[in-house]
Amino acid sequence: MTVNPDLAGRRFELPEPYLVGREHVRAFARAVLADNPTHLDVEAARAAGYPDLVAPSTFPAVLQDAGLQLLLADPETGIELSHIVHGDEKFTYSRPIVAGDELRAALEVRSVKSLGGNGMITAATEITDADGAHVVTATATLVVRGDVA
């Protein structure tokens, strides 16, 4: 399977802002076994200097996944979900995400490469707050397996 190289530069913006709720933060923290009290206890978060619960560092994956779903739903990608393997992930923060944040996210395909019969797509999701200030960039690389002969 070849990946359409014209995908590079395409943007997919989430249509609605994402309101970070306390229960979202707590549920995500429990799911990833992040047991720092700042993820679970409002008073502990405030005592540490935050206005509310602090999301675990991988929480932006929630918004990134929504952007990737938009990408994969685009018929021009020609990618079958069964051919994808998650290759890499990184987060570059300007500040932590806290409960009460209203976030917007826009995914941009940064590069499309072919390597050994497989495709590699690198996409960056820029996440901003209600004022438009940068919060975090989530970067993912997807490996799209080539067809098996």
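Select Leu33 in this predicted model. Leu33 sits in the loop between α1 and α2 (37–40); helices (H or I, at least four residues) and strands (E, at least two) are DSSP runs, numbered from the N terminus. Its phi is near 60 degrees, a positive value in a residue other than glycine. Leu33 counts as exposed because its relative accessibility is 74%; buried means under 20% relative accessible area, exposed over 50%, and partly exposed in between (1.4 Å probe, protein chains only).

Two notes on conventions. Residues are numbered from 1 along each chain as its sequence is written, and side-chain values use heavy atoms, with hydrogens and water left out. Local features need pLDDT of at least 70 and side-chain atom pairs count only at pLDDT 80 or more, while totals for chains, interfaces and linings use all residues.

Now show the whole chain as a cartoon. The protein chain has four helices and six strands, in the order β-β-α-α-α-α-β-β-β-β from the N terminus. Its C-alpha trace spans about 60 × 30 × 20 Å along the principal axes. Of the 149 residues, 41% count as buried. Among contacts (heavy atoms within 4.5 Å) with a separation of 6 or more, 68% are between residues 24 or more positions apart.

Colour residues 8–137 next. The UniProt annotation "domain: FAS1-like dehydratase", from an unreviewed entry, covers this range; UniProt positions are given in the numbering used here, feature names are shortened, and annotations may be inferred rather than shown by experiment. Over residues 8–137 the chain is 25% helix and 34% strand, with 17 Å between the end C-alpha atoms.

Go to the interior and select Val20, Val25, Phe59, Leu63, Ile97, Leu103 and Ile127. Of the 16 residues in the largest nonpolar core, these touch the most other members. A nonpolar core is a set of buried Ala, Val, Leu, Ile, Met, Phe, Trp, Tyr and Cys residues joined through side-chain atoms within 4.5 Å. Two or more residues of this core come from each of α1 (22–31), β4 (102–115) and β6 (134–144). Which residues does Leu103 touch? Not counting residues up to four places away in sequence, they are Pro17, Tyr18, Val20, Leu63, Ile97, Ile127, Thr128, Asp129 and Val135. A second, separate core has 13 residues, including Val3, Leu71, Val109 and Ala123.

Move to Phe91 in strand β3 (residues 84–93). Phe91 counts as partly exposed because its relative accessibility is 23%. Leaving out residues up to four places away in sequence, Phe91 touches Ser57, Thr58, Pro60, Ala61, Val136, Thr137 and Ala138.

Ala61 also helps line the largest pocket, so select it with Gln64, Asp65, Leu68, Gln69, Leu72, Ile84, Val85, His86, Glu89 and Leu142. On a 1 Å grid over the protein atoms alone, a pocket is an open set of points where a 1.4 Å probe fits, with protein on both sides within 12 Å along at least five of seven lines; lining residues have an atom within 4 Å of a point. The volume is about 170 Å³. α4 (61–73) and β3 each supply at least two lining residues, and the largest share, six residues, comes from α4. By class, the lining has six nonpolar, three polar and two charged residues.

Finish at Glu76, in the loop between α4 and β3. Glu76 touches Asn4, Leu7 and Arg10, not counting residues up to four places away in sequence.

Note on methods: Grid points are joined across faces, edges and corners, and a volume is the space filled by probe spheres set on the points. Ala, Val, Leu, Ile, Met, Phe, Trp, Tyr, Cys and Pro count as nonpolar, Asp, Glu, Lys and Arg as charged, and the others, Gly among them, as polar.
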